[in-house]
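The following exercises are to be worked with the sequence and the coordinates at hand. Each task is followed by a solution in steps.

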Amino acid sequence: MSDLLTTTEELRPFTWQDGQLLLLDQTMLPAREEWLAVNDVPGAGDAIRNMRVRGAPATGIAAAYAMALAARNIGPTAMPVFLDELDAQAARVAAARPTAVNLGWAVQRCRDVARMCGTPAQAAARILSLAHAMREDDIDSNRAIGRNGAALMPESGGILTHCNTGALATAGYGTALGVIRAAWESSKQVHVFCTETRPWLQGARLTAWELARLGIPSTLIVDSAAGALMASGRVGAVVTGADRIAANGDTANKIGTYSLAALAAANGIPFYVAAPFSTVDIDVQCGEDIPVEERPGAEVTSLGGHPIAAEGVDVWNPVFDVTPAALITGIITERGVLRAPYEAQLRDLARQPSVTEVA
């Protein structure tokens, strides 16, 4: 199904309508704005795995809605049987993409809610309510991240960002791009440099599109131009998102982030990570323990379905890399801005419940 968005409409990558999850298919952007109807766990898993919905916060919330669909589709049965089947469906959802902690976090939250209920119907209703609450909480969190991070951005000049961390990667507003947006909305005269972000080109296809919708001045660069751009003196700050933050502050994000952090350090430029606190995984001590997803080599050897590499060439295609905490100037969350050393602060904040944890 298709439904064109207006340029003035607040961007949302998904919505719940008439008992189904509607996803803005991000593999079609910016050429076409098409909505995909998802009615079951296999459909949700396919959408997450094949990047139709992407970004750590967005995939987490999509996973919660997938659990709501799973609970509804199991139907009336004995509660122990229902919970066993729900757990099986949960494993399928969580396996769609392994690196982003939000996916497993959201699924576990839904499983916990179900175990507080007396009937499958009650569990299905509670899981759907939780998914709605997580969606609204994420938007509120993103706006808080934006407010907390805007003050760290330069009054004018360049900000470099990587991949896509805007409304498309979240329930709305964005994380790292939300920080940039908040700086712009506070009248800072910033200019955004966005990397194309190979091999899926999220920067070229998605971030540039979002910035154009918002009216924020921007320039697209190839990934390998980042060092030269920083050396030119036109970048006052680098801000990226995160898919998982370890207890010590090491951060997994889109491949190429580590390179940007190292280049920023070499050029004396502050490097910030902006992410909701749900991205923090206190159970993972450091970056070495974060599982890094690898995807098919065809994503690198072809572009738009057309071969661009020598036939049969070997490919290494990790989706993420890990930026050591020592290279991160600050971690911007909805609960405040953290500075190194990070571990004690992260563990302290982890003991504080979020809004939806008491829903």
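Phe14, Trp16 and Tyr65 form one aromatic cluster. The model in which this cluster is found is a predicted one.

**Exercise 1. The aromatic cluster**

Task: Determine how many aromatic pairs there are, and classify the pair of Phe14 and Tyr65 by its geometry.

Solution.

Step 1. The count of aromatic pairs comes to two.

Step 2. For Phe14 and Tyr65, the ring centres are 6.3 Å apart and the planes meet at 65°. Planes over 60 degrees apart count as edge-to-face, and this pair is accordingly edge-to-face.

Step 3. Phe14 belongs to strand β1 (residues 14–17) and Tyr65 to helix α2 (residues 56–74); with their positions 51 residues apart, the pair links distant parts of the chain. Both Phe14 and Tyr65 are buried.

Step 4. Trp16 and Tyr65 have ring centres 5.4 Å apart and planes at 15°, so this pair is stacked. Here too distant parts of the chain are linked, since Trp16 lies in strand β1 and Tyr65 in helix α2, 49 residues apart. Trp16 is buried, as is Tyr65.

**Exercise 2. Two helices in contact**

Task: Establish how helices α3 and α4 are oriented to each other, and describe the residues that make their contact.

Solution.

Step 1. Helix α3 covers residues 79–94 and helix α4 residues 101–114; they pack at an angle of about 175°, and their axes are 10 Å apart.

Step 2. Angles over 145 degrees count as roughly antiparallel. The helices α3 and α4 are therefore roughly antiparallel to each other.

Step 3. On the α3 side, the contact is made by Met79, Leu83, Leu86, Asp87, Ala90, Val93 and Ala94; on the α4 side, by Leu103, Val107, Arg111 and Ala114.

Step 4. Sorted by class, this contact of α3 with α4 comprises nine nonpolar residues, two charged residues and no polar ones.

Step 5. Helix α4 also holds Arg109. With a relative accessibility of 11%, Arg109 counts as buried.

**Exercise 3. Charges over rings**

Task: Identify the ring over which the charged end of Lys254 sits, and the ring whose face Arg213 lies over.

Solution.

Step 1. The charged end of Lys254 is placed over the ring of Phe320, at 5.1 Å from the ring centre.

Step 2. Arg213 lies over the face of Trp209, and its distance from the ring centre is 5.3 Å.

**Exercise 4. Two residues and their surroundings**

Task: Decide whether Gln202 is buried or exposed, do likewise for Asn253, and list the contacts of each, leaving aside residues up to four places away in sequence.

Solution.

Step 1. Gln202 lies in helix α7 (residues 202–214). Its relative accessible area is 2%, so Gln202 is buried.

Step 2. The residues that Gln202 touches are Met51, Arg54, Cys163, Asn164, Glu196, Thr197, Thr207 and Lys254.

Step 3. Asn253 is part of strand β9 (residues 251–254). Its relative accessibility is 5%, and Asn253 therefore counts as buried.

Step 4. Asn253 is in contact with Thr240, Gly241, Ala242, Asp243, Val319, Phe320 and Asp321. Two of the residues named in these solutions recur: Lys254 is touched by Gln202, and Phe320 is in contact with Asn253.

Step 5. Asn253 and Gly55 are 198 residues apart along the chain, and their C-alpha atoms are separated by 9.9 Å.

**Exercise 5. The backbone**

Task: State which peptide bonds before Pro30 and Pro199 are cis or trans, and give the sign of phi for Met51 and Leu201.

Solution.

Step 1. Most residues other than glycine have a negative phi, and most peptide bonds are trans.

Step 2. The bond from Leu29 to Pro30 is cis, with omega near 0°. Pro30 lies in the loop between β2 (20–24) and β3 (35–38).

Step 3. Arg198 and Pro199 are likewise joined by a cis peptide bond, with omega about 0°. Pro199 is situated in the loop between β5 (189–195) and α7.

Step 4. Met51, although not a glycine, has a positive phi of about 70°. Met51 lies in the loop between α1 (41–49) and α2, and is buried at a relative accessible area of 2%.

Step 5. Leu201 has a positive phi near 60° and is a residue other than glycine. Leu201 is located in the loop between β5 and α7, and is buried with a relative accessible area of 17%.

Definitions and conventions: Residues numbered from 1 in each chain as written. Predicted model: local features only at pLDDT ≥ 70, side-chain atom pairs only at ≥ 80, totals over all residues. Heavy atoms only, no water. Axes fitted to C-alpha atoms, helices over the stretch in contact; angles between N-to-C directions. Helix = DSSP H or I, 4+ residues; strand = E, 2+ residues; numbered from the N terminus. Parallel < 35°, antiparallel > 145°, perpendicular 65-115°, else oblique. Contact = heavy atoms within 4.5 Å. Nonpolar A, V, L, I, M, F, W, Y, C, P; charged D, E, K, R; others polar. Buried < 20%, exposed > 50% of the residue type's maximum accessible area, 1.4 Å probe, protein only. Phe/Tyr/Trp six-rings, centres within 6.5 Å; stacked < 30°, edge-to-face > 60°. Lys NZ or Arg CZ within 6 Å of the ring centre and 35° of its normal.
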